[in-house]
Amino acid sequence: QKIIIYCIKNNKSSFEKNGAKLLEFFKNQNLTKIHIFGDTIENSNNVKCLHELIHGMKLKSYSFDKYLTKKNSENININVISKMKIDLKLIKNLNAIEKGVNLTKDLVSEPGNVLHPDEYAKRLNSLKKDGLKINIYDEKKLEKLGMNTLLGVGQGSVRGSYLVTMEWNGAKNKSKPLAFVGKG
């Protein structure tokens, strides 16, 4: 067992960035069971700082291993110990950010022969379940709108040309946040 004291100086760096640095440290030290004593954070908004620290760890834990034959299955378990009241609204907002960032990372990590315009439009359309209003403009709709330059770019491809718009009018889903288990 190890006891690690980590000091965060005020205004030097964000708690989110420090969370990412901490997770990287834990990985490098091969630490898989971590207990964080949150009541030791000295700041005017301890709850927010603690949530942002964990948020940084969660963002740093992302890995794109969809096509790897040997996937890293070792998890890092983080147990936060604190007497502070949990801010469920903040956690929900941070979870939404994490989900969006990870989806974006997934999309940019896919090879072009997998994530072509047809598949991209299909995946974006699946975001309707999360409350987004999705409009997909295919070649017929693009032609009606006079978007000939866009159509000209895709003219030589066997794939379709699309323009996708997304609208967000606020959260409707009242789901509870999930617990954090990151990949090491």
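1. Start with the order of the elements. Reading from the N terminus, the protein goes α-β-α-β-α-α-β-α-α-β-β, which comes to 6 helices and 5 strands. Keep in mind as you look around that this is a predicted model.

2. A couple of figures for the whole chain. The protein has 184 residues, and 26% of them count as buried. Take the contacts between residues at least 6 apart in sequence: 77% of these join residues at least 24 apart.

3. Helix 2 is a good place to settle in. It covers residues 46-60 and is mostly covered, with 11 of its 15 residues buried. Those buried residues are Val47, Cys49, Leu50, His51, Leu53, Ile54, His55, Gly56, Met57, Lys58 and Leu59. What lies over them? The cover includes helix 1, strand 1, strand 2 (75-81) and helix 3. As for its length, helix 2 reaches 21 Å from first C-alpha to last, close to the 21 Å expected at 1.5 Å a residue.

4. Now for one of those neighbours, helix 1 (residues 15-28). The axes of helix 1 and helix 2 come within 6 Å and cross at roughly 50 degrees, so the two helices are oblique to each other. The crossing is right-handed. On the helix 1 side, the residues that meet helix 2 are Phe15, Glu16, Asn18, Gly19, Ala20, Leu22, Leu23, Glu24, Phe26 and Lys27. Helix 2 answers with Cys49, Glu52, Leu53, His55, Gly56, Met57, Leu59 and Lys60. Sorted by class, this contact has 9 nonpolar, 4 polar and 5 charged residues.

5. Helix 3 (residues 88-109) is another neighbour of helix 2. Here the axes come within 10 Å and cross at roughly 20 degrees. An angle under 35 degrees counts as roughly parallel, so helix 2 is roughly parallel to helix 3. This crossing is right-handed. From helix 2, Lys48, His51, Glu52, His55, Lys58 and Leu59 take part, and they meet Leu90, Ile91, Leu94, Asn95, Ile97, Glu98, Val101 and Lys105 in helix 3. The tally by class is 6 nonpolar, 3 polar and 5 charged residues.

6. Staying with helix 3, does its length add up, and what is it packed against? Let me take these in turn. The 22 residues of helix 3 should span 32 Å at 1.5 Å a residue, and its end C-alpha atoms are 31 Å apart, which agrees. Its buried residues are Leu90, Ile91, Leu94, Asn95, Glu98 and Leu107. They pack against helix 2 and helix 4 (117-125).

7. Which residues does proline 117 in helix 4 touch? Leaving aside neighbours within four places in sequence, proline 117 is in contact with Arg159, Gly160 and Tyr162. You'll find this proline in helix 4, and it is partly exposed, at a relative accessible area of 38%. Its C-alpha is also 9.6 Å from that of glycine 154, which sits 37 residues away along the chain.

8. Glycine 38 is worth a click too. It lies in the loop between strand 1 and helix 2. Is it buried or exposed? Since its relative accessibility is 0%, glycine 38 counts as buried. Not counting residues up to four places away in sequence, it touches Leu50, Ile81, Ser82 and Met84. The C-alpha atoms of glycine 38 and histidine 51 are 9.5 Å apart, with their positions 13 residues apart along the chain.

9. Asparagine 30 has a backbone oddity. Most residues other than glycine have a negative phi. Asparagine 30, although not a glycine, has a positive phi of about 55 degrees. Look for it in the loop between helix 1 and strand 1 (33-37). With 61% relative accessibility, asparagine 30 counts as exposed.

10. Last, serine 14, in the segment before helix 1. Serine 14 is partly exposed, with a relative accessible area of 33%. It is 35 residues from cysteine 49 in sequence, yet their C-alpha atoms are 8.6 Å apart in space. Cysteine 49 takes us back to helix 2, where it is one of the buried residues.

Technical notes. Residues are numbered from 1 along each chain as its sequence is written. This is a predicted model: local features need pLDDT of at least 70, side-chain atom pairs count only at pLDDT 80 or more; totals for chains, interfaces and linings use all residues. Side-chain values use heavy atoms; hydrogens and water are left out. Axes are lines fitted to C-alpha atoms, for helices over the stretch in contact, and angles run from 0 to 180 degrees between N-to-C directions. Helices (H or I, at least four residues) and strands (E, at least two) are DSSP runs, numbered from the N terminus. Angles under 35 degrees count as roughly parallel, over 145 as roughly antiparallel, 65 to 115 as roughly perpendicular and the rest as oblique. A crossing is left-handed if the near helix is turned anticlockwise from the far one by less than a right angle, and right-handed if clockwise. Contact means heavy atoms within 4.5 Å. Ala, Val, Leu, Ile, Met, Phe, Trp, Tyr, Cys and Pro count as nonpolar, Asp, Glu, Lys and Arg as charged, and the others, Gly among them, as polar. The expected span of a helix is 1.5 Å times one less than its number of residues. Buried means under 20% relative accessible area, exposed over 50%, partly exposed in between (1.4 Å probe, protein chains only).
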